[in-house]
Amino acid sequence: QVQLVESGGGLVQPGGSLRLSCATSGFTFRMYAMSWYRQAPGKERELVATIFSARGGTNYADSVKGRFTISRDNFRNTMYLQMNSLKPEDTAVYYCNADRLPIAARWGWGQGTQVTVSS
């Protein structure tokens with residue numbers, strides 16, 4: 001059974017930093033492109049960043065490019081999201097899952113981790 005456990009969220013002031021973690025089990029982590037998603041109140045879930053399985057190439061949403069860094073540790077089956085220069089509009093629940101949405105739907109979504117950026 002696939003498990004995706006997000007952690008590391010919290011309350012931070014604008015301009016601050018947080019590091020999110022995604023601990024995974026139940027599948028061969030190193031073989032899958034993985035992504036971070038977020039969902040703000042009243043909005044649809046959106047893709048934030050993706051890291052590919054081969055060579056670890058990355059993609060970012062324009063809204064976070066230059067501020068967020070996605071990484072992965074294939075030995076620990078864990079993915080990370082380093083978030084710097086946080087803005088109030090980054091406030092959301094952050095989720096990790098497969099990059100391919102059919103796979104993400106089959107695996108299901110974890111509880112996510114709440115990130116709140118506020119002074």
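Student: Is Y37 buried or exposed?
Tutor: This is a predicted model, so we're reading computed values here. The cut-off for buried is under 20% relative accessible area. Y37 comes in at 5% relative accessibility, which makes it buried.

Student: Which ring pairs with Y37, and what kind of pair is it?
Tutor: The ring centres of Y37 and W109 are 5.1 Å apart, with the planes at 80 degrees. Planes over 60 degrees apart count as edge-to-face. So the partner of Y37 is W109, and the pair is edge-to-face.

Student: How many residues apart in sequence are the parts that this pair ties together?
Tutor: Y37 sits in strand β4, while W109 belongs to the loop between α1 and β10. W109 is partly exposed, at a relative accessible area of 31%. The pair therefore ties together parts whose separation in sequence is 72 residues.

Student: What kind of aromatic pair do F27 and Y32 form?
Tutor: The structure holds six aromatic pairs, so let's look at this one. F27 is buried at 13% relative accessible area, and Y32 is partly exposed at 26%. Their rings are 5.5 Å centre to centre with 85 degrees between the planes, and that pair is edge-to-face.

Student: Which residues form one aromatic cluster?
Tutor: You've just met two of the members, F27 and Y32. Add the other two and the cluster reads F27, F29, Y32 and W107.

Student: Which element gives the most to the largest nonpolar core?
Tutor: That core has 30 residues, and W36, M79, L81, M83 and Y94 touch the most other members. Elements giving two or more residues to this core include β3, β4, β8 and α1. With four residues, the top contributor is β9.

Student: What does M79 touch, leaving out residues up to four places away in sequence?
Tutor: M79 is one of the core residues that touch the most other members. Its contacts include L20, C22, F29 and W36. Further along the chain, they also include I51, I70 and C96.

Student: Which residues make up the covered face of β3?
Tutor: Strand β3 covers residues 18-25. Its uncovered face holds R19, S21, A23 and S25. That leaves the covered face with L18, L20, C22 and T24.

Student: How many bridges join β3 to β8?
Tutor: On one side, β3 pairs with β1 in the antiparallel sense over five bridges, and L4 stands opposite T24 there. With β8, S21 of β3 stands opposite Y80. The two strands β3 and β8 run antiparallel, and the number of bridges joining them is six.

Student: Where is N77, and where is S85?
Tutor: Neither is a glycine, yet N77 has a positive phi of about 55 degrees and S85 one of about 50 degrees. N77 is partly exposed at 28% relative accessible area, and S85 is partly exposed at 41%. N77 is in the loop between β7 and β8, and S85 is in the loop between β8 and β9.

Student: Why does the protein chain count as compact as a globular protein of that length?
Tutor: Overall, the chain has one helix and 10 strands. Its pattern along the sequence is β-β-β-β-β-β-β-β-β-α-β. The globule rule gives 14 Å for 119 residues, and the chain counts as that compact because its radius of gyration is close to this, at 13 Å.

Technical notes
Residues are numbered from 1 along each chain as its sequence is written. This is a predicted model: local features need pLDDT of at least 70, side-chain atom pairs count only at pLDDT 80 or more; totals for chains, interfaces and linings use all residues. Side-chain values use heavy atoms; hydrogens and water are left out. A nonpolar core is a set of buried Ala, Val, Leu, Ile, Met, Phe, Trp, Tyr and Cys residues joined through side-chain atoms within 4.5 Å. Buried means under 20% relative accessible area, exposed over 50%, partly exposed in between (1.4 Å probe, protein chains only). Contact means heavy atoms within 4.5 Å. Two strands pair if DSSP finds at least two bridges between them. The radius of gyration is taken over C-alpha atoms; the globule rule is 2.2 Å times the number of residues to the power 0.38. Rings of Phe, Tyr and Trp (its six-membered ring) pair if their centres lie within 6.5 Å; planes under 30 degrees apart count as stacked, over 60 as edge-to-face and the rest as tilted.
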